[in-house]
Amino acid sequence: MYNSIDFSIENAIATIRFNRPETLNSFNFEMANEVKKALYECESDSVRCVIITGTGRGFCAGQDLSELLPSEQNPSPRSITAIVDTYYNPIITKIRRLEKPVIAMVNGVAAGAGANIALACDFVVASNSTNFVQAFSKIGLIPDSAGTYFLPRIVGLAKATELTFLGEKLSAQEAKELNLIYKVVNDIDLHNETLQLATKLVQMPTKALGYTKMLFNKSFQNTLDQQLQHESEYQTKAGNTADYKEGVSAFLEKRKPNYQGK
Ligand code: T3D
């Protein structure tokens, strides 16, 4: 069913694994389409957390640069507009709009759109051999995939300018110190540490986490009054979930809650 990615769902955890290791999992047309399709599959209530990762020594090197210029095999390559509008923008939008946690398990270099897809996730767990590279300026492009949105908001304008203008490698440790990512772990521990986090998240009240994420999405643009109004709406939705009733009952009965994500 999938060719450029692996996709699996186990114990309510969906894993999307980029699978073009010969190009450090750079994005071509097929991989972009498959990632979008898999993200749509993750809308199912049977999925309560999503992990995005890569095969081999890289997470993702962004756009497959061999797909861009006219060649004998591909005399009319897709335009940059088409690539941004049909590959990256829908992927970022989908990650942000999925009402459940999305974890980037970054197993190695994350460059260009690959870096910014990771940074758009709710958690980034990176192996200590990882570098994040805003590679765009090196080839005369701007930082797409929401780089110009999240970076200045998270690290401030001066650091965002440095990272994107200079396009130098940022180690996982430096990214952690900048609060760009959640955790740095030894390469060998990456899978287990990420799985522990995902397992913890799938046992939590998924709808409340999803609603919190939607509120954070809105908070960047809203005034305080607008945001308070949205909190009222979403708290009403959260208060109507079975997990809310379970949470309160478990507290009163002095037992561990058993959340179903409903
Ligand atoms: O239309 C549009 O372009 C708009 C959309 C833009 C979105 C973007 O993502 S633009 C940014 C695109 N990405 C890059 O510019 C990154 C290019 N890659 C690199 O700078 C380096 O490869 C890395 C810093 C990521 C890693 O360096 P290193 O030394 O660890 O690995 P390497 O030897 O450079 O790469 C290994 C192989 O992967 C190599 O192939 P080979 O020689 O073994 O056959 C290399 O060509 C290939 N590879 C790496 N990145 C890409 C790639 N092939 C195609 N596209 C790539 N992006």
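This section describes the surroundings of the ligand and the two largest pockets of the structure.

The model is predicted, so that local features need pLDDT of at least 70 and side-chain atom pairs count only at pLDDT 80 or more, while totals for chains, interfaces and linings use all residues. Residues are numbered from 1 along each chain as its sequence is written, and side-chain values use heavy atoms, with hydrogens and water left out.

The ligand is surrounded by 23 residues, of which R57, A61, Q63, L65 and A113 are the closest; a residue is near a molecule if one of its heavy atoms lies within 4 Å of it. Polar contacts (pairs of N or O atoms within 3.5 Å) involve both side-chain and backbone atoms of the protein. An oxygen atom of the ligand lies 2.9 Å from a polar side-chain atom of R57. A polar backbone atom of Q63 is 2.7 Å from a nitrogen atom of the ligand, and a polar backbone atom of A113 is 2.8 Å from an oxygen atom of the ligand. On its own the ligand has 1000 Å² of accessible area (Shrake-Rupley method, 1.4 Å probe), of which the protein covers 66%.

Two elements, α2 (80-97) and β6 (109-111), give two or more residues to the shell around the ligand; helices (H or I, at least four residues) and strands (E, at least two) are DSSP runs numbered from the N terminus. The most is given by α2, with three residues. By class, the shell holds 14 nonpolar, five polar and four charged residues, where Ala, Val, Leu, Ile, Met, Phe, Trp, Tyr, Cys and Pro count as nonpolar, Asp, Glu, Lys and Arg as charged, and the others, Gly among them, as polar.

Pockets were identified on a 1 Å grid over the protein atoms alone, as open sets of points where a 1.4 Å probe fits, with protein on both sides within 12 Å along at least five of seven lines; lining residues have an atom within 4 Å of a point. The largest pocket has a volume (the space filled by probe spheres set on the points) of about 580 Å³. Its lining comprises 25 residues, with R96, C121, D122, F123 and F216 closest to the centre. At least two lining residues come from each of β7 (123-127), α4 (147-155) and α8 (206-219), and α8 gives the most, with six.

The second largest pocket contains about 390 Å³ of space. Among its 22 lining residues, Q63, L65, F136, I139 and L141 lie nearest the centre. Here α2 gives the most to the lining, with four residues.

Notes: A polar contact is a pair of N or O atoms within 3.5 Å; within protein, one must be able to donate a hydrogen and the other to accept it, and residues adjacent in sequence count only if both atoms are side-chain atoms.
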